[in-house]
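Hello,

Here is the structure you are taking over. Please look through it first; my notes follow below.

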Number of protein chains: 2
Amino acid sequence: MRRNPERRLALIDAAIEVLAKEGARGLTFRAVDAEAAVPPGTASNYFANRDDLFTQVGGRIYERLLPDEATMARGMEGVQDETRYTELMHELVERVSAFNSGYLALLELRLESTRRPELRAVLTKRIRQDIDDNIGYHAASGLPGDSTGVVLLYLTLNWLIVERLTLPDIFTEQEMRELVDAAVRRSMKA
Amino acid sequence: MRRNPERRLALIDAAIEVLAKEGARGLTFRAVDAEAAVPPGTASNYFANRDDLFTQVGGRIYERLLPDEATMARGMEGVQDETRYTELMHELVERVSAFNSGYLALLELRLESTRRPELRAVLTKRIRQDIDDNIGYHAASGLPGDSTGVVLLYLTLNWLIVERLTLPDIFTEQEMRELVDAAVRRSMKA
């Protein structure tokens, strides 16, 4: 197995684009090589098999979806009230939607995980961790609301992003903004 | 094109199973024939092309996801309070989850619709109609809450079902029940 970390990352990022464009069945070593514009046979030197590729893609998407340090630090500053909470959730929806190939690839991975127990185990662990991190971040921030509200927002905003990326004409941009506002406000009311 | 309506329906139902099991790329006429246990070449006599098949599958899933008349009628009887609302939403989650191949196939169709404008148009119209029907049903029922709450519940419960069907170990059954309870209660608080 080859060990050039930059090349490996470039191949995984290419795999994300292939997944989003072609679906899980289209994710072959050959398609990854073509998308990454590297010689045929390259990807097969970096990944043990397709299971390995699927698993590494899952981890990488989460890495790329996280906010950068500056955004995280800014989030902890200033008044932690409903207005700030709403602002953060709008930022989150924008950030995730902007990496639309990553989000679509993640949906493909979820569907693929119904057929691959190993991938399901990796995704379950990663996503449960992500939910727990969100709950921890929220508790430490002093933002209003409780942990149930954090999980409800996670559910609501995920499907809102699904709508936006797969059937963008279901809701107008204005309706989507109002739904984020309402989701934050109501999620806090225990 | 053949005209036997029962045969057509059996082929579409077989296509739903193929979609859920194999993904959008696996949905070929050959795979549908095999799943429906009919002679090779049958599906190609019933559908103009794959686009036509995708579109008909989308409509059929919605048809099968709707509650039956008895359930609808029962929903309109008795006290229309928060307890009833919660009960109805638990029933909805159970009904949709029980047709898991249909729900997974619908997710596959959504992803496929990012590549097929015609399918996207059909799904957008059908799903927007479904949301409007839910809003209308809610308004006519006398259940508590407003139309924004109906849409928020639609978003929240859809992703909860995604979790349940794709990564069932993220939340326990008990956590899922509590999330439905909380989603209903908080969605009503404008």
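Chain A of this predicted model has a mean pLDDT of 94, and 99% of its residues reach 70 or more. pLDDT is the predictor's confidence in each residue, on a scale from 0 to 100. Where pLDDT is low, the predicted coordinates should not be read in detail. The scores for the model are ipTM 0.94 and pTM 0.94.

Conventions: residues are numbered from 1 along each chain as its sequence is written, and chains are lettered from A and ligands numbered from 1 in the order in which they are written. Local features need pLDDT of at least 70, side-chain atom pairs count only at pLDDT 80 or more, totals for chains, interfaces and linings use all residues, and side-chain values use heavy atoms, with hydrogens and water left out.

How do the two chains relate? A turn of 180° and a shift of 0.0 Å along the axis lay chain A on chain B with an RMSD of 0.0 Å (least squares on the C-alpha atoms of residues with pLDDT of at least 70 in both). That is the relation of a two-fold axis. Thr156(A) has the C-alpha nearest the axis in chain A, 2.1 Å from it. Of the interface residues of chain A, 98% are also interface residues in chain B, so the copies meet through the same surface (contact means heavy atoms within 4.5 Å).

UniProt, in an unreviewed entry, lists "domain: HTH tetR-type" for residues 5-65 of chain A; such annotations may be inferred rather than shown by experiment. This span is 77% helix and 0% strand (DSSP runs: helices H or I, at least four residues; strands E, at least two). Its end C-alpha atoms lie 20 Å apart. The annotation "DNA-binding region", also from an unreviewed UniProt entry, covers residues 28-47 of chain A. Residues 28-47 of chain A are 65% helix and 0% strand, with end C-alpha atoms 11 Å apart.

Regards
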